[in-house]
Amino acid sequence: MQILTSDQMRAAEAGLFDAGVEEWALMSRAGHGAAEWIARLAAGGPVTVLCGPGHNGGDGYVAAAALKARGLTVTVVAPISPKTDLARHAASTFDGEVVSGAQGLKGTVFVDAMFGIGLSRPLSGEHRALILDLHASHARAVALDVPSGVDADTGCVVGGKGDDVPHYALTLAFGAWKPAHFSGPALASIGAVRLVDIGVPDRGGAMRLSLPEKIAPPAFDAYKYTRGLVAVVGGAMAGASLMAARAAALAGAGYVKWLSEHDHPGHPPDLVKDDAPLADALADERIGAVLTGPGLGRDDAARERLEAAVRSGHPQVLDADALVLLTPEILSTKGAPILLTPHEGELSRLCDSFDVTGDTKRKRALALSRASGCAVLAKGADTLLAAGEEVRFFPPASRWLSVAGSGDVLAGICAARLAATDDVMQAACEAVHLHGRAARHAGAGFIATMLAEAVHPALGDML
């Protein structure tokens, strides 16, 4: 599940060439692998392949030849002649119709094999118009490696905006995933992603795709404390911390305590409330993880509660208001692993507080993780986890998660998994997948309390 930048991908291919694998063999694998997916999507209908002058275009010619051999009607659009020997050889394998423009073409599938990961400059107006015309005249669109105009390393549109790229039903990654397949402004245009294996070995890099794994059930001799005691620090707005506590309980924690000076009419009878002075409540050595932030407030009293939580030495999840209040000085007292769970606005604020920058979400999260010494779960449509030099990307989750309180639920799940596993990265990955599965159980148009309740059946799916 490695994710490689463009340079890393080229280095991986160079390693294969050094080992005796021919370039044509890789292009042939890519093109025939792509044809398998395109043929399924075309379902016998006509296909138009837009081929560029380089290796991405060569992949397109090979795919076109393979599709024609299957009996499909295939037209190649080649506004620029192949520029490399390999691309010219690929073009020679296709004996069907080749035209230079859209020229009224219509079909079932349009395949974008114009530039792929090789583009470093903005698309010309002529090429952009050609792609838009072909996209509009076909029922579905497929991109080879990345849609033309998208930077594979950042997910940004070169010289443009995310919505400058039309929507593709399918994007096929060759050899390894690229960052753009799971993160960046153009993510909405990428569509479904599938990996075409061309024989690139795992290089053991720092960027990986996190896929759902089984969550370990309680041990044979488990009891409530070994399953994980979660302490949720309450604040001025009690409802948010109560909902996070509910999510933590349903995500597998053996015991959840609500450390609050306030009460709430929605306080459930199965949630223990501890209104002792916070430092005293946090002195319990059995606590496996502390969650601070949901409903905490942003005044001096809230800051004092955050400082007490960090100073307690327990593993921490910091979310919401805690991220607004957090400073390097507060973190200087930490004695255990901490997971920060910012959304985009909170991530920006934290980067200012810790004096770090980055031109992509991934780079900002990595810089913040290094500066703070914390793991950073940067939430959003392209959620990613950064810890030191390691990055974990996630497949997109339900868009219905864009609702108030969704982050509070995720924070509660993170705390439960941290208390159970004692591993920040494992806990964060399990939490993201459990959160997404809960959204599927909750269906469409849910509110946060419904999402919290859906954590229970979602956990059952992952055991």
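Two strands are taken to pair if DSSP finds at least two bridges between them. The model shown in these views is predicted.

**View 1. Strand 1 beside strand 4.** Strand 1 covers residues 47–51 and strand 4 covers residues 107–113. The two run parallel and are joined by five bridges. For Val47, the bridge partner in strand 4 is Val109.

**View 2. The seven-stranded sheet.** This open sheet has parallel pairing, and its strand order is 3-2-1-4-5-6-7. Strand 3 (97–99) and strand 7 (192–196) are the edge strands, each pairing on one side only. On average, neighbouring strands are turned by 25° against each other, direction ignored.

**View 3. Helix 3 across the strands.** Helix 3, residues 55–69, lies across strand 1, strand 2 (74–77), strand 4, strand 5 (138–144) and strand 6 (170–174). The helix runs at about 160° to strand 1.

**View 4. The sheet of 10 strands.** The order in this open sheet is 8-17-16-15-14-13-12-9-10-11, with mixed pairing. Strand 8 (207–209) and strand 11 (272–274) each have a single partner strand, so one side of each has no neighbour in the sheet. From one strand to the next, the twist averages 20°.

**View 5. Strand 10 beside strand 11.** Three bridges connect strand 10 (residues 255–259) with strand 11, and the two run parallel. Leu259 has Asp274 of strand 11 as its bridge partner.

**View 6. Helix 16 on the sheet.** Helix 16 (residues 424–442) packs on the sheet and touches strand 14 (338–340), strand 15 (375–378), strand 16 (384–387) and strand 17 (390–393). The directions of helix 16 and strand 16 make an angle of about 175°.

Conventions: Residues are numbered from 1 along each chain as its sequence is written. This is a predicted model: local features need pLDDT of at least 70, side-chain atom pairs count only at pLDDT 80 or more; totals for chains, interfaces and linings use all residues. Side-chain values use heavy atoms; hydrogens and water are left out. Helices (H or I, at least four residues) and strands (E, at least two) are DSSP runs, numbered from the N terminus. Axes are lines fitted to C-alpha atoms, for helices over the stretch in contact, and angles run from 0 to 180 degrees between N-to-C directions. Contact means heavy atoms within 4.5 Å.
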